[in-house]
Every structure is written in C-alpha cells, then in structure tokens.
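Here are a few exercises to work through with the model open beside you. Try each task on your own before reading the solution.

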Amino acid sequence: MKKIFTLIAALLLPMALMAQTTDNTPQANENSTKKEITKTGFNFGPLPAIAFDADKGFQLGAILNLYDFGDGSVYPNTRQQWFFEASFFTKGSQLYTISYDSRFLIPGIRFSATLTGTNDKAMDFYGFNGYQSYFDYEKVDAGKDGESYIYTPKYRIDRKAILFKADFIGNLWKEKLFWEVGYHLSYFKQGAINRKKVNKNKEEHEIFPDEEPTLFEQYRTWGIIKDDEADGGWNSTVRLGLLYDTRDKEGAPSRGIWAEAHAIVAPKWLGTKHPYYKYSATFRHYVPIIANDKLTFAYRLNYEGTFGKDAPYYILPYITTMGQSYDRDGMGGFRTIRGIMRNRVQGLDMASYNAEFRWRFVSFPLWRQNIAFALNLFSDGTMVTKEYDMSFGRTAADFASAEEYAQVKGEYDAYMAQGLGHDRPHITVGAGLRFIMNQNFIVCFEYGKPIGQYHKQDGNGAFYMNIGYLF
C-alpha cells in the first residue's frame, strides 16, 4: 500500500516540489513518534488551477505557495509565506491574488496583506435569505438536458471586484490571546450579465433569450435591490478583533482551539459609499482521537451578524476573516459550505457549522520532504437568522401605467409565493482526499452533496480541487 501512495506522491511532487533548503535535519516532532524532517529555508509549491463551470467555461491558471521556514525553529509553522494565483476562464473571467504573511517583518507583530482582483462575467446570484428565494432547479435541469434553452444565466451577474487588506496581530497574553487590527478596502462594480458572452459558442436552441430577465434584473425592477446600491461601490473598513489560539500547528492542526471575534466598522467618513457595521464570531476546535496526527475530529462554528437592519447587498456574500486568510465568497463553495451552490445563502445574519473527521492514514519521507495522505468525512451547514429586506420597493408612480404596475407586482408576488416564508438549515455531507507536504502545502480533492427536504434548491453537489484545509 505504501508503494502505491509513494507513486502518487511522486506524480504530485513535480508540481509541488522545487525545494531548496539549507538544512533538513531529522528530529522528533512533538506530534509524531517517527522522526520527521525539520524543514529550513525556502520551499516552493506550484500547482495548476484547473476547473470547469458551464457558464464561465474552463478555468486554466496557476497557484504558487512560497514558504520560508528560516532556521527550522518554528517548523511546522513558517516565518513568512507568499501565495500567488492567476486564473483565466475561457469565457472571459479572470482571478488574480497576491498574499503575504510574516511573523518577523515587524518585531512582535504578525503582518498579513492581500490584494485580489476578479473579473467575473457569470457570478452566481440566487437572491437573499436562502430558501425564501426560489431556485428553479427544474428549468435549470431541463436546459442542461437539452429540453429547453440554457437557464443557468438566470442566476448570474457580471461582477468586477478589487479587495485589499492589511492586518496586524499582537500578543496580549502568553502567546495565546492576541489583539487584531486591520484595514480593508474593496471596490465592487456589478450589473446584469453580458448575454453575448454568456451565449458564446452555444447552439441556437440553447441561447438564453433577451426577453428572459435575470433574477438580478428582476430584483432591481421590484426594488429589492436599491437603485443607488445596484452598481456597487467603495468599502473602506476598519476591523478590530480578539484571537485565542492554542493550535499545535497552523497548516494541518490536530489539537487546540482557534477562536476569533471581530467588529467591522465601515462609516461614510472613512470613504464607504454605503455605510454599514457588522460583527462576527468563529470558534474552531481540533480534538485528537488517535494520537500522532492519525485521527482528528475538527469543527467550526461561525456567526456573521449586522448591526441594524440594513447593509449593502453586494457585501453580503463575504464572511469576515483576518490574519493569514482573506475574504472570499460565502455561503456555498469550497471555503464555506461545501456542496451547495456558490453564494446560495445570503442574509444580514447567518449561522454556519463545519464538522469533519480527518484520518491521516499514511506518512513517509520522500525526496527530503515529509509526505502524508489523509481522508476526511464531513458535514457542513448554514442558515439565515436575520433576513435581508425583500419587500416590494416600488409604487405605482414608478411605472408608466397602472397596468404595468399590476403586472410587475403580480410577477413579484408569484416569485415570493414559490419560496419559503423563512429560511431553513442547508445541510451537506461529503468526503475528500488530501496530499500533504511538509505540514503546509496541502492539495485537496473533495466532493460535497446537499441533503434534506429542500436539497434540490441547493444544487446537485460539487467537486473541488483546491489547496489547504477548510479551517
């Protein structure tokens, strides 16, 4: 069996290995009975980024992790690390990310900075408040089966986004309790899809018709999305937080607690176009079931909340992060709720959980690297707990005639009648395989599928090839 995984590792290592280290001294790791190579110097982890989406096309790109272990005294953690990604989609979308994390650049302070740019011609948009917004999976499936035109563009928008952040973390007590301060600047430009690009290379009977409005266009017509917010805008925010961290290591922890609480302040005087104030709390726990990293139970509980009754709609998909991590879309997808559609669940307040068993079933040294393979079984879930206002926001004066008003209001009422009065839990289950090199460079293959009474509202499941553990 070990020979089989050695062969797989040998196939993956050319993508993950350009290691140049100054010293690879075997020493006993505190979490392992075997001697593990203590990595020093720099390690490189390049990986191709390959995926497919029916509306964005094939994703082709590259990911590069660069780790600096220094003299090895902090291994398996790093002194500093860089992350680079450049991905291109065959229908015109792009993703660019540069991230840096350092423990020594500023004495006594951990500094993390990230710059991300996206140009997404077919961004997922399923409405607000989870199951209160109806997803017509029957028409989507019929379009995929060739029974009608392709319907998925109904749930897409065109979004361009630039996000920058700089976070600082300092010790408060015994290197376990820390303060966090960060400045985050973002810009969103959003609008309806470009039908010409979405319909590119489709057969005539598959083309999404001009007369069919997208959900985003309907939300604008109904006044659910306010006119002054519809196109996006600038967000200039300060984040303040507390962090409690007793993990044994960061890349693939097997014991300890990692808990955070944040307040997000985005006032108008700081440059935010549509001011808002949010808060978040996250509790992560890693419980060793079998010692030496063999079997670990890990879970994460998260709550994202809003002060007041309003926030710009375009910031709702993002969950709050600080430190080495950076903002990504949620809830739905690899980084949040695996197995449901990206951004399926959006609201003013959202609760979520992730729970999984992690079994590292084989570990061995290969080519002066520490190699391991792990399996995981998981369940994820989320739910809107405070709803975004989806009231009809138009009056008869907004329309050319009373008949037009009645027609539009009737379409709104019919849509709202299809959804549930309030959201319900969105639950998924799944499993995955991970290739782990030097406790930090982690390639994952994972599949999740929604379950429950309304599971068809969340999609048909999803496969992911990505890097790292979810948390």
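**Exercise 1. An acid and its partner**

Keep in mind that this is a predicted model. Decide whether Asp 120 counts as buried or exposed, then find which residue forms a salt bridge with Asp 120.

Solution.
- Start with the accessibility: Asp 120 has a relative accessible area of 8%, so it counts as buried, the cut-off being under 20%.
- Next, look for the partner. Arg 342 forms a salt bridge with Asp 120, and their closest N and O atoms are 3.5 Å apart.
- Now place both ends. Asp 120 is in strand β7 (residues 109–124) and Arg 342 is in the loop between β13 (295–306) and β14 (349–366), so the bridge ties together parts that are 222 residues apart in sequence.
- Finally, check the arginine: at 23% relative accessibility, Arg 342 counts as partly exposed.

**Exercise 2. Two further bridges**

Work out where Lys 226 and Asp 310 lie in the chain, then look at how Arg 247 and Asp 245 pair up.

Solution.
- Lys 226 and Asp 310 form a salt bridge, with 3.6 Å between the closest N and O atoms.
- This pair links distant parts of the chain: Lys 226 is in the loop between α4 and β10 (232–245), Asp 310 is in the loop between β13 and β14, and they are 84 residues apart.
- For burial, Lys 226 comes out at 32% relative accessibility, so it is partly exposed. Asp 310 has a relative accessible area of 36%, so it is partly exposed too.
- Turn to Arg 247 and Asp 245: they form a salt bridge whose closest N and O atoms are 2.7 Å apart. Both of these residues are buried.

**Exercise 3. Counting and networking**

How many salt bridges are there, and which residues are linked with Arg 338 in a network?

Solution.
- The count comes to 29 salt bridges.
- Arg 338 is linked with Glu 356, Arg 358, Asp 380, Arg 434 and Glu 446 in a network of salt bridges.
- Follow Arg 338 a bit further: its charged end also sits over the ring of Phe 378, 3.8 Å from the ring centre.
- Another arginine over a ring is Arg 284, which lies over the face of Trp 258 at 3.6 Å from the ring centre.

**Exercise 4. Sorting ring pairs**

Classify the pair Tyr 219 and Tyr 415 by its geometry, then do likewise for Trp 359 and Phe 361.

Solution.
- For scale, the structure holds 40 aromatic pairs.
- The ring centres of Tyr 219 and Tyr 415 are 5.9 Å apart and the planes meet at 75°, so this pair is edge-to-face.
- Tyr 219 belongs to helix α4 (residues 215–222) and Tyr 415 to helix α5 (residues 402–418), so the pair ties together parts that are 196 residues apart in sequence.
- Both partners can be checked for burial: Tyr 219 is buried at a relative accessible area of 0%, and Tyr 415 is buried at 7%.
- With Trp 359 and Phe 361, the centres lie 5.3 Å apart and the planes are at 50°, so the pair is tilted.
- Trp 359 is partly exposed at 45% relative accessibility, and Phe 361 is partly exposed at 22%.

**Exercise 5. Reading a helix face**

Why do the buried residues of α2 line one face of the helix?

Solution.
- List the buried residues in α2 (residues 137–144): Val 140, Ala 142 and Gly 143.
- Look down the axis of α2. These buried residues fall within an arc of 165°, so they line one face.
- Flip to the face turned away from the buried side, and you find the exposed residues Glu 138 and Lys 144.
- Glu 138 has a relative accessible area of 52%, so it is exposed, given a cut-off of over 50%.
- Just past α2, Gly 146 takes a positive phi of about 85°.
- A last distance to check: the C-alpha atoms of Glu 138 and Tyr 151 are separated by 9.6 Å, with their positions 13 residues apart along the chain.

**Exercise 6. A greasy patch**

Which residues make the nonpolar surface patch of about 520 Å², and where is Phe 164?

Solution.
- The patch is made by Phe 84, Ile 98, Leu 115, Ile 162, Phe 164 and Tyr 183.
- Phe 164 is in strand β8 (residues 156–173).
- With a relative accessible area of 35%, Phe 164 is partly exposed.

Methods
Residues numbered from 1 in each chain as written. Predicted model: local features only at pLDDT ≥ 70, side-chain atom pairs only at ≥ 80, totals over all residues. Heavy atoms only, no water. Patch = residues over 30% accessible without salt bridge, like charges linked within 9 Å, V, L, I, M, F, W, Y side chains within 5 Å. Areas by Shrake-Rupley, 256 points an atom, 1.4 Å probe, with all protein chains shown as cover. Salt bridge = Lys/Arg side-chain N within 4 Å of Asp/Glu carboxyl O. Helix = DSSP H or I, 4+ residues; strand = E, 2+ residues; numbered from the N terminus. Buried < 20%, exposed > 50% of the residue type's maximum accessible area, 1.4 Å probe, protein only. Phe/Tyr/Trp six-rings, centres within 6.5 Å; stacked < 30°, edge-to-face > 60°. Lys NZ or Arg CZ within 6 Å of the ring centre and 35° of its normal. Arc of directions from axis to C-beta.
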